Amino acid sequence: MQEEAKEPVARHIPSKDLYQTLNLDLKEEALGESEFETILKSLVLATPRTATKGFFNQLFGGRNEHAILGELLAVVLNNSMYTYKAAGAQIGVEKVLTRKVCDLIGWGKNSDGTFAPGGSMTNFMSMLMARDQTNKSVRKEGMQDKMVVYTSAESHYSIPKNAAFCGIGRENVRYVSTDEEGRILAADLEELIEKDIASGFIPALVNLTAGTTVLGAFDPIRPISTICKKHKIWLHVDGAYCGSVLFSKKYKHLIDGIEEVDSFSFNAHKMLGTPLSCSLILVKDKAHLYDSFSNDASYLYQTDQDEFNPGKTSLQCGRRNDALKFWTLWKSVGTSGLERIVDVQFELADVARDYIRKNKDYTLYSYDESIGICFNYKGIPAKDICTLLHEHSELMVGYGSFNGTEFIRLVTINAQNHPSDILDFFKILEQFVEDHAELFQAHITT
Ligand SMILES: *Cc1c(COP(=O)(O)O)cnc(C)c1O
């Protein structure tokens, strides 16, 4: 932790030098305690520091002590969350969480949810439920139909990946175009659906995104839900990145209409800042969870009703206890504390956008009410600047593109940062460009 404060970015080791730099290989003989300690320390210090004010690279960051307590306890207790027999009270923790989130969505008692190992997997679960409700014999007989799924061109890559997993096929993913702010176009979606139906395809799923990976845009839920109801298509909202706006009175309007969808997923390890992974999927009608995920296993399910045996509604068999860290966080800071965590990120994003707008060396590409701030500095290619900042152990930040323009993407997802940390980010970047003018000279446009 001291090292982190002193040097927010760990010394960069080029991947080609990794095995020469660190002692990672495994030997026949045991290691002496002090030598083990030395090696372990060098490994820890060489690891990317995701909790510092130098890390803006992905859609997570920070280190929340309330959540870490739960994570550590879950590891020490080491329960498998498939049955009440094996996990006992911990099942109650998970059930209370899913119930409470369903209540916030505005769903009734038929709703339920579960935890899966990541947002890609919760998206996968939604696709499987959509497939199985479209044709109830697929689980038994395999895929016979030409099903198609719809998602926006700005959505996460797990959608085509999952289409391959579940027999729908990557070529049967339709990418709906977006407006200039990166939001799916309802009219284009409906046109595609009608064309597909006319050509003998069966629409199974529409996937919307609450917080697209690059721009952080929110697809409009209400108009799409009307289209899905008309054509009886499963509607899922992938809120892995920003679905946690559910907890904020101020920003919940970004997922207006969420109560109309069939399933909704979000990662508490992104906006809410729990350790990885903490991914929930909620469904309006829990029967779909059983229809798609239950399998008889008499050696496993020996006591208690289904309600207390979440193995019946999960993707895997043995399950980590991902619920406890979310519960320790929520229990200690309250719903109002979760709301604050979300709101802070938007406030930090406003600080960044304000700074960019006021400084003519910057070009801004993203929009208000997003925590992904996309920009370029002095016309320098984003990829160059990001790579060099990383190689010089100055900052970890990534780049993305929209409509053919590549830009730096600063993500203000670490709610432990202060406005001054965001301003420091820009100072470090500007100083770096100034100090390494020779590297950027060719590009700088002033
Ligand atoms: C991060 C993300 C995912 C994937 O979640 P993992 O937990 O990394 O698997 C899916 N969709 C969106 C929009 C995301 O931002």
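Helices (H or I, at least four residues) and strands (E, at least two) are DSSP runs, numbered from the N terminus. This is a predicted model. On that basis the chain has 16 helices and twelve strands. A ligand is bound in a shell of 14 residues. Three backbone features in loops also deserve a look: a cis peptide bond ending at Ser-277, and positive phi angles at Ser-393 and Asn-403.

**Ligand site**
- The ligand is surrounded by 14 residues, and the closest are Gly-119, Ser-120, Asp-238, Asn-267 and Lys-270.
- Helix H7 (residues 119-134) gives the largest share of this shell, three residues.
- Sorted by class, the shell holds nine polar, three nonpolar and two charged residues.

**Polar contacts to the ligand**
- Gly-119 uses its backbone: a polar atom there is 2.7 Å from an oxygen atom of the ligand.
- Asp-238 uses its side chain, with a polar atom 2.7 Å from a ligand nitrogen atom.
- Asn-267 places an N or O atom of its side chain 3.1 Å from an oxygen atom of the ligand.
- The ligand taken alone exposes 380 Å², and the protein buries 84% of that area.

**Overall fold**
- The secondary structure comes to 16 helices and twelve strands.
- The chain is as compact as a globular protein of its length, because its radius of gyration is 23 Å, close to the 22 Å from the globule rule for 446 residues.
- The C-alpha trace spans about 65 × 60 × 45 Å along its principal axes.
- Buried residues make up 51% of the 446 in the chain.
- Among contacts with a separation of 6 or more, 70% join residues 24 or more positions apart.
- The chain has an accessible surface of about 20800 Å², and carbon and sulfur atoms account for 52% of it.

**Unusual backbone geometry**
- Most peptide bonds are trans, and most residues other than glycine have a negative phi.
- The bond from Leu-276 to Ser-277 is cis, with omega near -20 degrees.
- Ser-277 sits in the loop between strand E7 (263-267) and strand E8 (279-283).
- Ser-393 is not a glycine, yet its phi is positive, about 55 degrees.
- Ser-393 belongs to the loop between helix H14 (382-391) and strand E11 (396-402).
- The relative accessible area of Ser-393 is 23%, so this residue is partly exposed.
- Asn-403, also a residue other than glycine, has a positive phi near 50 degrees.
- Asn-403 lies in the loop between E11 and strand E12 (405-411).
- Asn-403 counts as exposed because its relative accessibility is 65%.

Terms used:
Residues are numbered from 1 along each chain as its sequence is written. This is a predicted model: local features need pLDDT of at least 70, side-chain atom pairs count only at pLDDT 80 or more; totals for chains, interfaces and linings use all residues. Side-chain values use heavy atoms; hydrogens and water are left out. A residue is near a molecule or strand if one of its heavy atoms lies within 4 Å of it. A polar contact is a pair of N or O atoms within 3.5 Å; within protein, one must be able to donate a hydrogen and the other to accept it, and residues adjacent in sequence count only if both atoms are side-chain atoms. Accessible areas come from the Shrake-Rupley method with a 1.4 Å probe; for residues, only the protein chains shown count as cover. Ala, Val, Leu, Ile, Met, Phe, Trp, Tyr, Cys and Pro count as nonpolar, Asp, Glu, Lys and Arg as charged, and the others, Gly among them, as polar. The radius of gyration is taken over C-alpha atoms; the globule rule is 2.2 Å times the number of residues to the power 0.38. Buried means under 20% relative accessible area, exposed over 50%, partly exposed in between (1.4 Å probe, protein chains only). Contact means heavy atoms within 4.5 Å.
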